[in-house]
Amino acid sequence: MSKCPYTNFKSKVMGWINLLRTPTKEYGGMAPCPFVGREVDKNKLMIELFDPEKCTIIDMMNKFVESDYDSALFIQKTNELILSKETYQYQNFINNILKKNGFDKYKCICVNPNDTSEVNGLNIRSKAPYFLINIADRKVLSKAHKSLKRTNYYDNMGDAYKKYLKVKK
């Protein structure tokens with residue numbers, strides 16, 4: 001009998017988060033996600049398993065909104081292979097569900113370990129232990145995006161990845 005791949009999911013996700021908060025030359029000497037460390041250190045990042053066979057994304061959102069967390073990282077339990085090209089479509093699908101259900105303050109960003117996006121050979125998303133759904137306040141994400149544009153964070157990214165991240169030249 002094989003071991004459940006979701007055993008110790010929080011420690012596996014924390015291992016990946018440690019990669020996200022470690023500065024790299026590919027991201028201009030910055031961490032791939034320079035803001036996650038502060039949230040983790042202040043215990044403001046909810047990390048929960050999301051099994052679509054047992055509950056909905058709206059159930060997860062309600063749990064998140066009723067909590068003291070500032071953002072959430074849902075580990076989507078799935079036996080299906082989600083292709084890289086499907087990630088953006090799924091992310092839009094979830095964002096539309098959030099808007100239709102009164103959660104338009106929040107935005108979802110999906111991370112797929114099958115993604116092929118890379119920055120000078122570093123594909124940080126491929127190192128994710130699971131398919132992840134990050135939920136954060138749109139205003140906070142916008143502010144972070146604008147602050148990164150004033151740095152050399154995006155300098156090593158190809159045009160396709162910048163377009164995916166909606167980075168205007």
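Two strands pair if DSSP finds at least two bridges between them. In this predicted model, strands E1 and E2 are joined by six bridges and run parallel. Within that pairing, Ile 47 stands opposite Leu 73 in E2.

**Strand E2**

E2 is mostly covered, with six of its six residues buried. Ser 71, Leu 73 and Ile 75 point one way from the strand, while Ala 72, Phe 74 and Gln 76 point the other way. In a regular strand the side chains alternate between the two faces of the sheet. Both sets of E2 residues are buried.

**Salt bridges**

The structure holds six salt bridges. Three of them are listed here, each with the separation of the closest N and O atoms.

| Acidic residue | Basic residue | Closest N and O atoms |
|---|---|---|
| Asp 41 | Arg 21 | 2.8 Å |
| Glu 48 | Lys 63 | 3.2 Å |
| Asp 51 | Lys 77 | 3.9 Å |

Arg 21 forms a salt bridge with Asp 41. Arg 21 lies in the loop between helix H1 (9–20) and helix H2 (36–41), and Asp 41 is in helix H2, so the pair ties together parts that are 20 residues apart in sequence. Arg 21 counts as partly exposed because its relative accessibility is 29%. Asp 41, with a relative accessible area of 56%, is exposed.

Glu 48 forms a salt bridge with Lys 63. Glu 48 belongs to strand E1 (residues 45–50) and Lys 63 to helix H3 (residues 57–65), so this contact ties together parts that are 15 residues apart in sequence. The relative accessible area of Lys 63 is 41%, so this residue is partly exposed.

Asp 51 forms a salt bridge with Lys 77. The pair links distant parts of the chain, 26 residues apart: Asp 51 is in the loop between E1 and H3, and Lys 77 is in the loop between strand E2 (71–76) and helix H4 (84–100). Why does Asp 51 count as buried? Its relative accessibility is 12%, and buried means under 20% relative accessible area. Lys 77, at 31%, is partly exposed.

**Charged surface**

Which residues form a positive surface patch? The patch is made up of Lys 146, Lys 149, Lys 166 and Lys 168. Of these residues, Lys 146 is found in helix H5 (residues 138–149).

Key:
Residues numbered from 1 in each chain as written. Predicted model: local features only at pLDDT ≥ 70, side-chain atom pairs only at ≥ 80, totals over all residues. Heavy atoms only, no water. Patch = residues over 30% accessible without salt bridge, like charges linked within 9 Å, V, L, I, M, F, W, Y side chains within 5 Å. Areas by Shrake-Rupley, 256 points an atom, 1.4 Å probe, with all protein chains shown as cover. Salt bridge = Lys/Arg side-chain N within 4 Å of Asp/Glu carboxyl O. Lys, Arg positive; Asp, Glu negative; His and termini not counted. Charge placed at Lys NZ, Arg CZ, Asp CG, Glu CD. Helix = DSSP H or I, 4+ residues; strand = E, 2+ residues; numbered from the N terminus. Buried < 20%, exposed > 50% of the residue type's maximum accessible area, 1.4 Å probe, protein only.
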